[in-house]
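Please look over the sequence and the model shown below before reading on. The paragraphs that follow take the fold step by step and end with a single residue.

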Amino acid sequence: MQEYLLEFEQVYYTYPGAQESALNGLTLKIPSGKRCALIGQNGCGKTTLFLLANGLYKPDSGIVRWRNEPLSYNRNYLSNLRQKVGLVFQDPEQQLVASTVEEDISYGLCNLGLPEPEIKDRVEQALVEFELTALAERPVHHLSLGQKKRVSIADVMVLHPELLVLDEPTAYLDVKHTRNLIATLKRIHRDGTTLLMATHDLDLVYRWADWVFVMDKGQLMLEGKPQHVFSQRTLLEELELGVPLIYEMLFDGLSTEEEVIIERVRQRILQLFRNFS
C-alpha cells in the first residue's frame, strides 16, 4: 500500500493584497519513495505549495499533513518539520547565508544546537558527498552558479530530510552542470530520500520522474506516471504546456497497438539509461 509523506487537502492561500488566490482548494499527496515532478505555467502555485510544505506559510483554509498528522505552527514543531522537509530555492542566493562553503553547510546544524563533534562529522561527510571538499574554505560569493546550487542542496541534505523539495533546480544551468545535478539527485534518491522537483523541462520530467503532478491556477489538474500524464495531450495543450519532444517523435500518428510497442521499447531504454548513468 502506497504511503504518503505530505498531503494537501482543500488548501487555499492568498497573498496579502492579491486579487486572486495562489492556491484554490488544492488537494495533492506526495507519495513516499518516489521521484516526483511538478509542472505548470508560471503562477500556477508551485512555489506557494513549496512554501506551505515546510510551514514557511500557513494556509488560509484547508489542511496540510505530514505523515497523516496536521501541521502545527509553533516554533518547536516547525523546527523539527524543517529537518524532515528540506526546501531548495530556485535562486541559491536566497539560501546561502555564511561566508564560506563549510560555514554555510554547518549553519543549520549549529541552529539545532547539535554537539560540535557531530556538526563536524556531518559537515565533512557532506563536503565529500557533494564533491565540495576542495571548495570548503572558498567564499560562497566566489562560486559558480552550478557550485552554489550544489552547496544549497548540501545545506539541506546535511539535516537528513525525508523529503527534498526543489524549485526549478536546473534553471540557468548548462548541460554539464545539469547532468551533474541530476546525478546528485539520483544518489540522494537511491539513499532513501523522496524527491519533489518543480521544473519547466518536460524532457527531463519524462526521463527522470516516477510520478508527475500538473497544476494550473492553484489546483491539481492531473497526476500519474509520465506515460499517462503525457498521453493527455489535449489537456496539456489547453494548459499551454505541450508534451516532451521525445514523446512527439515517438507517438505522433501511431495506432494504439503501435503506441503499446513503442512504450515497451521506451521503458526498456529508460531502464538501461538509469542503470548506467
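In which order do the strands of the open sheet of 6 strands follow one another? In this predicted model, the order is β6-β7-β8-β3-β9-β10, and the pairing is mixed. Since β6 (85-88) and β10 (219-224) stand at the edges and each has a single partner strand, one side of each is left without a neighbour in the sheet. Neighbouring strands of this sheet are turned against each other by 20° on average, if direction is ignored.

Strands of a sheet pair through backbone hydrogen bonds, and they do so either parallel or antiparallel. Strand β7, which covers residues 163-167, and strand β8, which covers residues 194-198, pair in the parallel sense over 5 bridges. One of the residues to look for here is D167, whose bridge partner in β8 is A198. Helix α5, made up of residues 145-157, lies across β6 and β7, and this helix runs at about 165° to β6.

The nonpolar interior can be taken up next. The largest nonpolar core has 49 residues, and those with the most contacts inside it are I153, L164 and L185. I153 falls within the residue range of helix α5, and L164 within that of strand β7. When neighbours within four places in sequence are left aside, L185 is in contact with I153, L164, L166, L195 and M197. A second core, separate from this one, has 30 residues, and L6, Y13, A53 and L78 are among them.

At the level of the whole chain, the protein is divided into domain 1, which spans 4-241, and domain 2, which spans 244-276. The C-alpha centres of domain 1 and domain 2 lie 29 Å apart.

The last stop is Q219, which is found in strand β10, one of the strands at the edges of the sheet. Is Q219 buried or exposed? Its relative accessibility is 37%, and because buried means under 20% and exposed means over 50%, Q219 counts as partly exposed. Not counting residues up to four places away in sequence, Q219 touches N24, L26, C44 and V214. With N24 there is also a polar approach, in which a polar atom of the Q219 side chain lies 3.2 Å from the backbone oxygen of N24. Q219 and Y12 are 207 residues apart along the chain, yet their C-alpha atoms are separated by 9.5 Å.

Definitions and conventions
Residues are numbered from 1 along each chain as its sequence is written. This is a predicted model: local features need pLDDT of at least 70, side-chain atom pairs count only at pLDDT 80 or more; totals for chains, interfaces and linings use all residues. Side-chain values use heavy atoms; hydrogens and water are left out. A nonpolar core is a set of buried Ala, Val, Leu, Ile, Met, Phe, Trp, Tyr and Cys residues joined through side-chain atoms within 4.5 Å. Buried means under 20% relative accessible area, exposed over 50%, partly exposed in between (1.4 Å probe, protein chains only). Contact means heavy atoms within 4.5 Å. Two strands pair if DSSP finds at least two bridges between them. Helices (H or I, at least four residues) and strands (E, at least two) are DSSP runs, numbered from the N terminus. Axes are lines fitted to C-alpha atoms, for helices over the stretch in contact, and angles run from 0 to 180 degrees between N-to-C directions. Domain bounds come from an automatic or database domain assignment. A polar contact is a pair of N or O atoms within 3.5 Å; within protein, one must be able to donate a hydrogen and the other to accept it, and residues adjacent in sequence count only if both atoms are side-chain atoms.
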